[in-house]
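The exercises below are to be worked through with the sequence and the three-dimensional view side by side. Each task is followed by a solution that proceeds step by step.

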Amino acid sequence: MRLSDTKFGFILSMPGAAVLFLWILVPFILLVSTSFLRYDNIRPILFYGLKNYKFLLHHRVFWLSFKNTIIFCVGVTSVTFVISLILAHSLSRITRGSSLLRSLAMFPWAVPMVVSGFMWAQMFNPSFGVINDFLLRLGIIQKPMDIYGNPDLAMLGVIIADAWTRIPFMTIIILAGLESIDPTLYEAARVDGADTLQIFKHISLPMNKKAMLTGIIITTIFSFRTIDTIFSMTFGGPAKATYTFGFYILDYIYRYFNFGVAGALSIIMLIMLLMIGSAFIIHVLRTEQGG
Amino acid sequence: MKLRNLIVKVVDHRATPYVVVGVILFFMLIPIGWTLMTSLKTLKEAFLTPPTYFPKLPTFEAYEEVIFRSPVPRYIWNSITYSLATVLFILTAGVFSAYGLSKYPYRGSNFILVSFLVTRILPPLSLLLPFYIIFRVLGLIDTKLSVIIFAIYLSYPLTVWILKSFFDTFPNDLMDAGLIDGCSRIGVLFRIVLPGVATGIAAVAIIAFLWTWQEFLSPYLFLNSDLNKPITVGVYYFVGDELTYWNTISAAAIFASIPGIIFFLIAQKYIVKGLTMGGVKG
């Protein structure tokens, strides 16, 4: 007996769909239900309604980590975007050795993020780090700055380190977008007497808007939800200056064993990321409809 | 106006992009270069104030320490195990699904397809907790399996999505020719389609390998004993209570970065090309 094509496709794709169900739907449902439970590994598990959420919204550390996450995210994304934009535009004009130069530009991506944190921690070290030594020699600073003692500097330090790991991705997205712009547009603009700055402002930037937006949103979402670089650089310190949502979740799982609160926290983070993501999707849809 | 002309002239100069790229790349490669330099120093030199920019007497001390007198080789072996197991699983589960969804669509197949994409939105950090609870109930905490299961969750949805788009580009005529020649539909998949989309399979395998290799937080959370740690967590072996062994940690960091560096040396061209043709175009 021979199966019909549709049945064949159904049977073929079922194991994979089952994996999706087991691996993602089951944990997700578990997560949602946990967030409504009193599940602190001390008292018996109990339905708790929205109490976990209420607890969080009145918790000082929640708002502190919220603020830190936003500063971190905005900082990382803007540093990444500015450098990537310059790098991508320069790379797109390079002809000789472009393959090697592009590969080199990808290298920070190759380093596991937790390892990048170590690399930067070492360079930022106040006594034997290269950054302090370099700035001292140039006379920009008079005495070594200590990012592990000064909360403001700590945030700046982790932003730089994290942006470093994200520049390759943003660069490659912008570069790919640039390369898919029709070259005749540039020629036409030249013929009409436009100079490089005008071309940049009226062709390269607007024609590449979608790619740049994609890069910005993905970088925002990823810096929102990863803590690897901060983890190995400052571990959320000093004085919780770099304590972001990730650390908050991790603490409630691993240190306080309060799974109910950790669940509510995970859900809040999920909703925030969904909002960023859907804002992006709506924007893309609107620009596509607008022409 | 004069200033503007000057800017245009500077920007337009043939050498400008090379200079800009050169300067940015110089600063971008410093962290890796500095780590390489530290890995060639003695422990004492790594702690000198002010630091030496190049090791006075390059030594492979740190590498010897890492390879022969530390658990790093085991960590690397664990990382390889995790990455290969993940790749193997997602390919076997993913290829059939993607093939079915791409070439033999049925009512509701689009829904399944979209759910593969939607699940990508769930941040891994949010799902750490439910996985932790599940592993605790099943007694999987501190086992190799826990790391692999979470790694599968990380790369599986995207795998199916990419594979499906590769199958989409494979011409149906070739499949029909195989069917007419007496091949079964599964036979067509193995003899005709899979060899045709080998690049796609390789791409997916490499991406999943790297993703698993670079994953830190989940193994950190799920593993307690030293035995099963991957290299990303294992780097912490050199962080002591009083002293961080910067020269050996640097050597270990270099080892941890090697797979990724090889990948980007080879694959950079294909990434830009793939992105130009696919997603971001428009």
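**Exercise 1: the setting of M106(A)**

In this predicted model, determine whether M106(A) is buried or exposed.

Solution. Counting around M106(A) gives 23 other C-beta atoms within 10 Å. A residue is called buried when 20 or more such atoms lie within that distance, and M106(A) is therefore buried.

As a next step, M106(A) can be placed in helix α4 of chain A, which covers residues 98-110. When neighbours within four places in sequence are left aside, M106(A) is in contact with P168(A) and also with F264(B) and Q268(B). I83(A), which is 23 residues away from M106(A) in sequence, is 13 Å away from M106(A) in space, C-alpha to C-alpha.

**Exercise 2: a pair of helices**

Describe how α1(A) and α6(B) are arranged relative to each other.

Solution. The axes of helix α1 of chain A (residues 5-34) and helix α6 of chain B (residues 109-118) come within 11 Å and cross at roughly 30°. Angles under 35 degrees count as roughly parallel, and the two helices α1(A) and α6(B) are therefore roughly parallel to each other. Their crossing is left-handed.

The residues that meet are G9(A), S13(A), A17(A) and L20(A) from α1(A), and S109(B), I112(B), S115(B) and F116(B) from α6(B). Sorted by class, this contact has 4 nonpolar and 4 polar residues, with no charged ones.

**Exercise 3: the domains of chain B**

State which domains are assigned to chain B, and how far apart their centres are.

Solution. The domain assignment gives domain 1 (2-63) and domain 2 (71-238) in chain B. Taken over C-alpha atoms, the centres of domain 1 and domain 2 of chain B are separated by 37 Å.

How values were computed. Residues are numbered from 1 along each chain as its sequence is written. Chains are lettered from A and ligands numbered from 1 in the order in which they are written. This is a predicted model: local features need pLDDT of at least 70, side-chain atom pairs count only at pLDDT 80 or more; totals for chains, interfaces and linings use all residues. Helices (H or I, at least four residues) and strands (E, at least two) are DSSP runs, numbered from the N terminus. A residue is buried if 20 or more other C-beta atoms lie within 10 Å of its own, exposed if 12 or fewer, and partly exposed in between; C-beta atoms are placed from the backbone. Two residues are in contact if their C-beta atoms, placed from the backbone, lie within 7 Å. Domain bounds come from an automatic or database domain assignment. Axes are lines fitted to C-alpha atoms, for helices over the stretch in contact, and angles run from 0 to 180 degrees between N-to-C directions. Angles under 35 degrees count as roughly parallel, over 145 as roughly antiparallel, 65 to 115 as roughly perpendicular and the rest as oblique. A crossing is left-handed if the near helix is turned anticlockwise from the far one by less than a right angle, and right-handed if clockwise. Ala, Val, Leu, Ile, Met, Phe, Trp, Tyr, Cys and Pro count as nonpolar, Asp, Glu, Lys and Arg as charged, and the others, Gly among them, as polar.
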